[in-house]
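Here is a short report on one protein model. It covers empty spaces, one helix pair and some unusual backbone spots.

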Amino acid sequence: MSGTPGMMRRWGTRAGEWRGAWQGDVAAGCCGALLVFAFAPFGVYPLAVLTLLALLWLIADASWRRAAWRGFLFGAGEFLAGVSWIYISLHDMGGVDPVAAVLMLLFLVAIMALYSAAACAITAAWAPPGWKRGLLLFPAAWTFFEWLRGWLLTGFPWLSLGYSQVDGALKGYAPYISGFGVSLCVVLSAGLLLTAFQCRGWRGRLFSLAALLALWCGGWGLGAVRWTHPAGAPLSVTLIQGDVPQDQKWEPSAFEPTLKLYRKLTDAHWASKLIVWPEAAVPAYQDEVQIDYLDPLEADARTHGTDILLGVPSYDPLQDAYYNSVISLGSSDGTYNKRHLVPFGEDFEFLPQWVKSLLRDMDLPYSSFSPGARDQRLLRAAGYAVGTSICYEDAYGSEIMRDLPQAAFLVNVSNDGWFGDSIALPQHLEIARMRALEAGRWLLRTTNTGVTAIVDDGGQVRAQAPTGRVYVLDGEIQPLAGATPVTRWGDMPVVCLSLLVLVVFGWRSRRVAA
C-alpha cells in the first residue's frame, strides 16, 4: 500500500509526457472518431461525455495553438467517421468523379473541424487549467461554436452532441433548453468528471461528483414532465415507404410503376384518417400530374374521409420558381415549400466556382430549387395544423419551432436513399427524435427507403418500418396542444448564456494581458 502513491505519481508523470507529445495528437483524432459511437445506430451515449473529457484533458497544458490543432484533429476524426456517407451521395448516387467526391468530403470535414478547433483554442487561451476552464469556458465555447456550425453558411448541424443523448437522462433538458442545451450538459458533465479526477482534496472531488449526479438526475426528473396536453382524440395514420431505388427513381421507365405503386398502397388503407407519402414521392412536377393523377386521388380521399400529405416538386409560373414541396389532399388543400435547401443537392448558388466545377458532372434531377418563403401558412390535415419539414430541415430546431404551438403534430418527409444503407439513416432518425422532444409533439417521419417511423412526444420510437423494403406502417398518434419552453424561446437562452460567458472570459483575458 505504501508504494501506491509513488506509483500514481510515476503514472501521472508518464501520462503528462505522453500527452505533450505526438501521441496526444493521435489520441485527439481517435477520440473524435470514437465519439461517433455515441450516436445512432450505436447509441453508446456515455461516450459523448468520455471523449469530451479526454479532449479537455489533452488540451489541459497545451498552448492555444496546440489546443487548436488537437481540437481540429478531434473534429476531423468525428466528421470523417461520422459523415463519410456523403461520398455515397456524391459518387454512388450523384455520379461525381471519385477523386472529386473525396475532395469534397475532405473539404467539408476540414470546415467542420474548424469549429471544435476554435472552441479548444479559446479555452486554452482565455483560462488557465482549473475548474473555471472545465465548468464554464469550455462548455460555453463548445456550445456556442456548435450552434454557429448549425447556422453559418446555411449550416450543417449534423452530429451535434445533444442528439447522442436522446436515450439518456440528459434528454430531459431538451424541452427546456433545446438540443444545444443538452450539448452544454454533455460538455459540463465532462468538465465535472475531469475536475473530480484532478481535485486533490476529497471535498472538491465529492462536490464535483455530487454535481454530476444532480445534473443527470435532474435531466431524468425533468423528462417526466409534460408541457403539452391532448388536443383531440387519437388519430389513425399510415406512412408509405415506396423503396424506389434512387438510381431508378427519376428514370422515365419508372414513372408509371412508381405512381401505380403509391396508389395501390394507398387504396388499401383508406380506413386511416391520415396517409403520408415521402419526399418527392411523385417523380414529376405537380402541374404535370394534377389532372390525371392527383385530382382523382383527392376525390377518393374525400370520399373516404381521409387526408393525404405527399411530396411532389412544384412550379410557380408567377415567380418562375421551382420548389421541393409537400401538398395536402382531402379536406384541406395546401402547399408547403421547402425553406432550407441542401447545399450540394438543391442549391448551388452560394458555392464557390471551384466547388461547382468539381460537381459539374453530378446527376441531380430537380437540383435548382428555390427556397420557400420563411413564413408559410401551415398545412392542415385530418382537421389539425401540421408542422411540416422536408428532409434535413428537421436538423434545424429553430425552424421547426416556428410552426408551434399551432401545430398539433409534426411531419417530416424525406428521401435518405441518397445515402444508401449507411449510418446516415439512423442518424437522421435520431435528429428527428430530438425535434419531437423539444416540441413536445408526436412526429411522423416518412421516407423513400428508410427510416420510416412514428415518434411520440417523449422522443421514443413507437413504430418503425424496416429499411430497404416496400412497407406500409400503420399506427396511431395523439394530437397535442400547449407549448414547451423551447417552443416559446427557442435555443436563444442557452446560446446567449454561452456567448455571455465567452465575452466575460475574453474581457478578463484581454485585461490580464494588458
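## Backbone, helices and hollows

Serine 178 lies in helix H8. The model is a predicted one. Phi of serine 178 is near 75°, a positive value in a residue other than glycine. Most residues other than glycine have a negative phi, and most peptide bonds are trans.

Two peptide bonds are worth finding next. The bond from alanine 40 to proline 41 is cis, and its omega is near 5°. Proline 41 sits in the loop between helix H2 (22–35) and helix H3 (46–58). Leucine 404 and proline 405 are also joined by a cis peptide bond, with omega about 10°. Here the loop runs between H13 and strand S9 (409–414), and proline 405 lies in it.

**A helix pair**

How do the axes of helix H5 (residues 86–93) and H6 cross? They come within 9 Å and cross at roughly 155°. An angle over 145 degrees counts as roughly antiparallel. H5 and H6 are therefore roughly antiparallel to each other. The crossing of H5 past H6 is right-handed.

Which residues of H5 and H6 meet? From H5 come Ile86, Tyr87, Leu90 and His91. From H6 come Pro98, Ala101, Val102, Met104, Leu105 and Leu108. By class, this contact of H5 with H6 has nine nonpolar residues, one polar residue and no charged residues.

**Closed spaces**

Rolling a probe the size of a water molecule over the atoms shows where empty space is left. The count comes to three cavities of 30 Å³ or more.

Begin with the largest cavity. Its volume is about 110 Å³. The lining of the largest cavity has 13 residues. Glu78, Ser116, Trp142, Glu146 and Arg149 are the ones nearest its centre. Three helices each supply at least two residues of this lining: helix H4 (64–82), helix H6 (98–126) and helix H7 (131–149).

Next comes the second largest cavity, with about 80 Å³ of space. Its lining includes Leu56, Ala60, Pro129, Gly130 and Trp131. Arg133, Gly134, Leu194, Thr195 and Gln198 also line the second largest cavity. H7 and helix H8 (174–198) are the elements that give two or more residues to this lining.

**An open space**

The second largest pocket holds about 680 Å³ of space. How many residues line the second largest pocket? The lining has 33 residues. Nearest its centre lie Trp151, His340, Tyr396, Ser398 and Glu399. The elements that give two or more residues to the lining are H8, helix H13 (397–401) and helix H14 (424–439). H13 gives the largest share, four residues.

**The linings by class**

The table sets out the residue classes of these linings.

| Space | Nonpolar | Polar | Charged |
|---|---|---|---|
| Largest cavity | eight residues | two residues | three residues |
| Second largest cavity | five residues | four residues | one residue |
| Second largest pocket | 15 residues | 10 residues | eight residues |

Now go back to the structure and trace the helices named above. H6 supplies at least two residues of the lining of the largest cavity, and H6 also meets H5. H8 gives two or more residues to the lining of the second largest cavity and likewise to that of the second largest pocket. Serine 178, with its positive phi, lies in H8 too.

Methods: Residues are numbered from 1 along each chain as its sequence is written. This is a predicted model: local features need pLDDT of at least 70, side-chain atom pairs count only at pLDDT 80 or more; totals for chains, interfaces and linings use all residues. Side-chain values use heavy atoms; hydrogens and water are left out. On a 1 Å grid over the protein atoms alone, a cavity is a set of points where a 1.4 Å probe fits but cannot get out, and a pocket is an open set with protein on both sides within 12 Å along at least five of seven lines; lining residues have an atom within 4 Å of a point. Grid points are joined across faces, edges and corners, and a volume is the space filled by probe spheres set on the points. Ala, Val, Leu, Ile, Met, Phe, Trp, Tyr, Cys and Pro count as nonpolar, Asp, Glu, Lys and Arg as charged, and the others, Gly among them, as polar. Axes are lines fitted to C-alpha atoms, for helices over the stretch in contact, and angles run from 0 to 180 degrees between N-to-C directions. Angles under 35 degrees count as roughly parallel, over 145 as roughly antiparallel, 65 to 115 as roughly perpendicular and the rest as oblique. A crossing is left-handed if the near helix is turned anticlockwise from the far one by less than a right angle, and right-handed if clockwise. Contact means heavy atoms within 4.5 Å.
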